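Trainee: Could you take a close look at the hydrophobic interior of this model for me? I'd like the packing first, and then whatever sits around it.

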Amino acid sequence: MRIIGDVTAGDALATLRAVDEVFINEIRAAGLYDKIWQAFAIFLPVRSVGVQGDQRTHSHVVALRAVTSGDGMTADWYPFDPAFLRAVSTKICNEVRAVNRVVYDISSKPPATIEWE
């Protein structure tokens with residue numbers, strides 16, 4: 001799990017823990033856990049306008065990252081099936097009320113790194 005910016009025991013940490021739990025549990029349920037080298041959620045320091053129920057929201061954005069690697073020096077993003085990503089995004093937004101937008105990082109290493117800092 002990663003939090004961009006100051007880490008506090010408040011909203012960001014609780015939200016990120018809940019998102020990461022959904023993400024990792026869904027990876028396990030899909031039988032993909034042993035195919036992925038690292039997977040985690042990132043709490044981004046931005047908010048997004050959305051709609052949840054019949055109300056307009058101004059909630060948090062989280063990113064998901066999953067990579068494969070043989071040596072850690074290079075890594076490729078894991079090519080989840082679009083249906084998996086749709087289901088995970090929907091579950092996160094429905095179960096973690098503080099989140100209304102989920103993005104998936106498709107950057108390879110290099111040029112990106114595995115971590116978000």
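Mentor: Here's a walk through the core, starting from the overall fold and ending with the tail.

A word on ground rules: this is a predicted model, so to speak, where local features need pLDDT of at least 70, side-chain atom pairs count only at pLDDT 80 or more, and totals for chains, interfaces and linings use all residues. Residues are numbered from 1 along each chain as its sequence is written, and side-chain values use heavy atoms, with hydrogens and water left out.

The protein has 2 helices and 5 strands; these are DSSP runs, with helices being H or I of at least four residues and strands E of at least two, numbered from the N terminus. Along the sequence the order is β-α-β-β-β-α-β. The radius of gyration is 14 Å, close to the 13 Å from the globule rule for 117 residues, so the protein is as compact as a globular protein of that length. That radius is taken over C-alpha atoms, and the rule is 2.2 Å times the number of residues to the power 0.38. Along the principal axes, the C-alpha atoms fill a box of roughly 45 × 30 × 20 Å.

Now for the inside. Buried residues make up 40% of the 117, where buried means under 20% relative accessible area, exposed over 50%, and partly exposed in between (1.4 Å probe, protein chains only). In soluble globular proteins, nonpolar side chains tend to be buried together. Here the largest nonpolar core has 24 residues. A core in this sense is a set of buried Ala, Val, Leu, Ile, Met, Phe, Trp, Tyr and Cys residues joined through side-chain atoms within 4.5 Å. The members with the most contacts inside it are Val 19, Phe 23, Ile 27, Leu 64, Phe 80, Ile 92 and Val 99. Two or more residues each come from helix 1 (11-29), strand 2 (38-52), strand 3 (55-68), helix 2 (82-95) and strand 5 (99-104), and helix 1 gives the most, with 7 residues.

Phe 80 is a good place to zoom in. Setting aside neighbours within four places in sequence, Phe 80 is in contact with Phe 23, Ile 27, Leu 32, Ile 36, Ala 66, Leu 85 and Tyr 104; contact means heavy atoms within 4.5 Å. Across the protein, among contacts between residues at least 6 apart in sequence, 65% join residues at least 24 apart.

There's also a second, separate core of 8 residues, which includes Ile 42, Val 61, Ala 63 and Val 67. Take Ala 63, found in strand 3: its relative accessibility is 1%, so Ala 63 counts as buried. Not counting residues up to four places away in sequence, Ala 63 touches Phe 40, Ala 41, Ile 42, Leu 44, Val 103 and Trp 116. The C-alpha atoms of Ala 63 and Leu 44 are 7.1 Å apart, with their positions 19 residues apart along the chain.

Ala 41, one of those partners of Ala 63, belongs to strand 2. Ala 41 is buried, at 0% relative accessible area. By contrast, Pro 45 is also in strand 2 but is exposed, at 59%. The C-alpha atoms of Pro 45 and Val 61 lie 7.7 Å apart, though the two are 16 residues apart along the chain. Over in helix 2, Asn 94 is exposed too, with a relative accessible area of 53%.

As for the surface, the protein exposes about 6,800 Å², and carbon and sulfur atoms supply 51% of it; areas come from the Shrake-Rupley method with a 1.4 Å probe, and for residues only the protein chains shown count as cover.

Last, the tail. Most peptide bonds are trans. The bond joining Lys 109 and Pro 110 is cis, with omega about -15 degrees, and the bond from Pro 110 to Pro 111 is cis as well, with omega near 15 degrees. Pro 110 lies in the segment after strand 5, and Pro 111 lies there too.
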